[in-house]
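Hi everyone, thanks for coming. I'd like to walk you through one model this morning, mostly through its charged side chains, its cysteines and a few backbone oddities. Please have a look at it first.

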Amino acid sequence: MINPLIDWKILPRFDEIKTGDIEPGVQIVLARCEKKLNELEEANPTSWEGLMDPLEMIEDDLSRHWGLVSHLHHVKNSPELRDVYNKLLGDVIKFTNKLNQSQNLYKAYLNLQKSAEFKKFNDAQKRILKSTIHEAELNGVGLNSEERKEYNQISQKLAELTTRFSNNILDAIKAFKITITSPEQIIGLPTTLLELTADTAKQEGHIKATPTGGPWVLTLDSPCFIPFMQHSKSRQLRKKLYEAYISKASYGEWDNSLIANEIIILRQAKAKLLGFKNFADLSLSRKMAKTPSKVQKLLYELRDSSRTVAEEELKSIQKLADKNNFGKLKHWDIPYWAERLREKQYEINDEELRPFFPLPHVLAGLFELSEKLFGVKIKENIEKMSFWNKDVKLFGVFDLNNQHLASFYLDPYSRPEEKQGGAWMDSLVGRSIIFGSDKGKVRLPVAYMICNQSKPVGGKPSLMTFREVETLFHEFGHCLQHMLTTIDQGMASGISNVEWDAVEIASQFMENWCYDRGTLRELGKHFETNQSIPESLIDKLLKARTYREGTNTLRQVNFGLLDLEIHQTQLSETSETILDIQRRIDRETLILPPQESDRFYCSFSHIFSGGYAAGYYSYKWSEVLSADAFAAFEEIGLDNEDEIKQLGHKFRETFLSLGGSQEPLKVFVAFRGREPNTKALMRHTGLISELPNGEA
Ligand code: ZN
């Protein structure tokens, strides 16, 4: 019998996968992986082909199929899918623990590392072997049987808790709705938001809802929450929405506070078992930064250079409010008045920009830029394909000789009822020589690119906010690194084996192009008239780039420090709670004290249920590197077509090609010719003002 979850070669038939296929499919995969693992352990292999290729096959078999389940869990969540996911998660962890803790394999890795063959390995092979050994150690291969039992119980429990943590957030967001019916309550709201909220109202059963007549349903989903806070004149509603937002998943049925506490205690226990002082040390042992103190040094440096700027920013906003006799600003007033100040200072607002950024034009501009910089052509696959949602599209990436290099799915719009919030890139399959259809041929990479941007409403295309444009570029940067890799060893190709704190370099590098005038001209075309975005609007957009960057930097520093502190604290040995830590870091880093009800950590999914535990700083860490890499382009002049092209190719040959085959610092130096520094980032964020050539 055919099972569409596991019986596919190049691309899955998403629309044929039923929830009922998942359990039998995953059990088949686990059983055959188990069998292959036993055979491998018995074979006692001594060569790369005998040891590492079969290992990759086992890991790939699991990640290809279990990855598909977890992808659906993220984009097509349902109670039934959740049940089967939770049911199987334990078995998957059990197997990966067994694989990672195999004494026989561990000995075989060490022997291979000592063998004469090792010297002949290429860089990718050497790094794969090194990190496989390190991972086995972090997975408890060196523990005695008693300790290993404890370790495995912790892993099982952690998997369960982290899944509950993210499901609670999803449910808490889904459950919160405010229906408004009075025209007074919509004063100030832009048309796009009225359309969106009326559309939500329709889905909620108000079938006659219209953007002008209502009713309108407000939610905590970003495409609704952010513009509402920026534009609503109703202070009372802003307060209500804000308070719901900062306390989400912190009480009642979806309370994450105890879960968070338990997660941290278990992570610390795990770290101790493995001989680390705390979980932050464990996490950093596999990262580019290496030690928490190095990260703290960077974060405090950023705090010190942005604090005064942030204070001034708040003062200017208050001043504007004062002029309008508004009184002292509360948290729920700041986005509103900040947006008014931005309009005043730069004569620009998000809503005015939207008509110039319809998704199809933005994509076309992004693809054109990729062609210019990296010499690749991107075309939509218009054959009848199978997707998990009607708005998903598939694209192919080709080199200039029309040779197929890779593919990616784009799932652009927000669907709070079934899709996790935020934006991310994931891998369906990666580039690998051992899975090529013929000898000497590689398997081509396929990526998922998932956004949660404004959906098309009222018969118009999706009109994007500028922030959504940046997000699209960001995720596409991740995809490029996955797709343009030239490494043939699957365990180090694309984003595999790249240190977490270096993984945001390509993504943030791409974001920088959103502020290049030439690129903006390509992207920005009015959705009705096809007219290019006026130069005057580009001017304003560029000027407004550093608006509130002091505040934004402090916020990121706050998240990064909070994450590190939480993972350095032994909650079981101190009276300090996670909330106390949050408050302590807030005092160190924020200008305005948080609301009493602020329980941000209860929805900090990056660190509690994503991969960023003691690694949130990675955004800032990579940003230093990506800004410095982009500065190389600025130094030759962004309109210097020929040289930009050459440098773009160099970027492709280093950051986008080398995957996890080299130390990230080495990749950086190969591109830049020197080690990184923070100057470019400080300049981009307006914290220092000089240009690379010393111009003002
Ligand atoms: Zn990213």
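Let's start in helix α21, which covers residues 578-589. R583 and D586 sit three residues apart there, so about one helical turn separates them. They form a salt bridge, with 3.9 Å between the closest N and O atoms. The cut-off is 4 Å, so this pair counts as a salt bridge. Both partners are buried: R583 has a relative accessible area of 17%, and D586 has 6%. Do keep in mind that this is a predicted model.

How many salt bridges does a search of the whole structure find? The answer is 47. Let me show you two others from that search.

Please turn to E535 and R521, whose side chains meet in a salt bridge at 2.7 Å, N to O. This pair links distant parts of the chain: E535 belongs to helix α19 (residues 535-543) and R521 to helix α18 (residues 517-523), 14 residues apart. Are these two side chains buried, exposed or partly exposed? E535 is partly exposed at 35% relative accessibility, and R521 is partly exposed as well, at 37%.

Now compare K419 and D411. Their side chains meet in a salt bridge too, at 3.0 Å from N to O. Here K419 is buried, with 2% relative accessibility, and D411 is buried at 0%. These two also have company, as a network of salt bridges links K76, D411, R415, E418 and K419. If you are following along on your own screen, that cluster of five is worth a moment.

On to charges that form a patch. D639, E641, D642 and E643 make up a negative patch on the surface. One of them, E643, lies in helix α24, residues 641-653, and is partly exposed, with a relative accessibility of 38%.

Next, the cysteines. How many disulfides does a search of the whole structure find? Zero. Why is C224 without one? The closest cysteine sulfur to that of C224 is in C451, and at 19 Å that is too far for a bond. C514 is in no disulfide either: its nearest cysteine sulfur, again that of C451, is 12 Å away. A disulfide would need the two sulfur atoms within 2.5 Å. As for their surroundings, C224 is buried with a relative accessible area of 3%, and C514 is buried at 0%.

Let me finish with the backbone. As a reminder, most residues other than glycine have a negative phi, and most peptide bonds are trans. Where do we see something else?

First stop, the peptide bond from G214 to P215: this bond is cis, with omega near -5°. P215 is in the loop between α7 (191-203) and β2 (216-218).

Second stop, E347, a residue other than glycine whose phi is positive, near 50°. You will find E347 in the loop between α13 (334-346) and α14 (350-353), and at 54% relative accessibility this residue counts as exposed.

Last stop, R548. This residue is not a glycine, yet its phi is positive, at about 65°. R548 sits in the loop between α19 and α20 (549-566). You have met α19 already today, as the helix that holds E535.

That's my tour, and I'm happy to go back to any of these spots with you.

How values were computed. Residues are numbered from 1 along each chain as its sequence is written. This is a predicted model: local features need pLDDT of at least 70, side-chain atom pairs count only at pLDDT 80 or more; totals for chains, interfaces and linings use all residues. Side-chain values use heavy atoms; hydrogens and water are left out. Buried means under 20% relative accessible area, exposed over 50%, partly exposed in between (1.4 Å probe, protein chains only). Patches are made of residues with over 30% relative accessible area and no salt bridge: like charges are joined within 9 Å, nonpolar side chains (Val, Leu, Ile, Met, Phe, Trp, Tyr) within 5 Å. Accessible areas come from the Shrake-Rupley method with a 1.4 Å probe; for residues, only the protein chains shown count as cover. Lys and Arg count as positive and Asp and Glu as negative; His and the chain ends are not counted. The place of a charge is taken as NZ of Lys, CZ of Arg, CG of Asp or CD of Glu. Helices (H or I, at least four residues) and strands (E, at least two) are DSSP runs, numbered from the N terminus.
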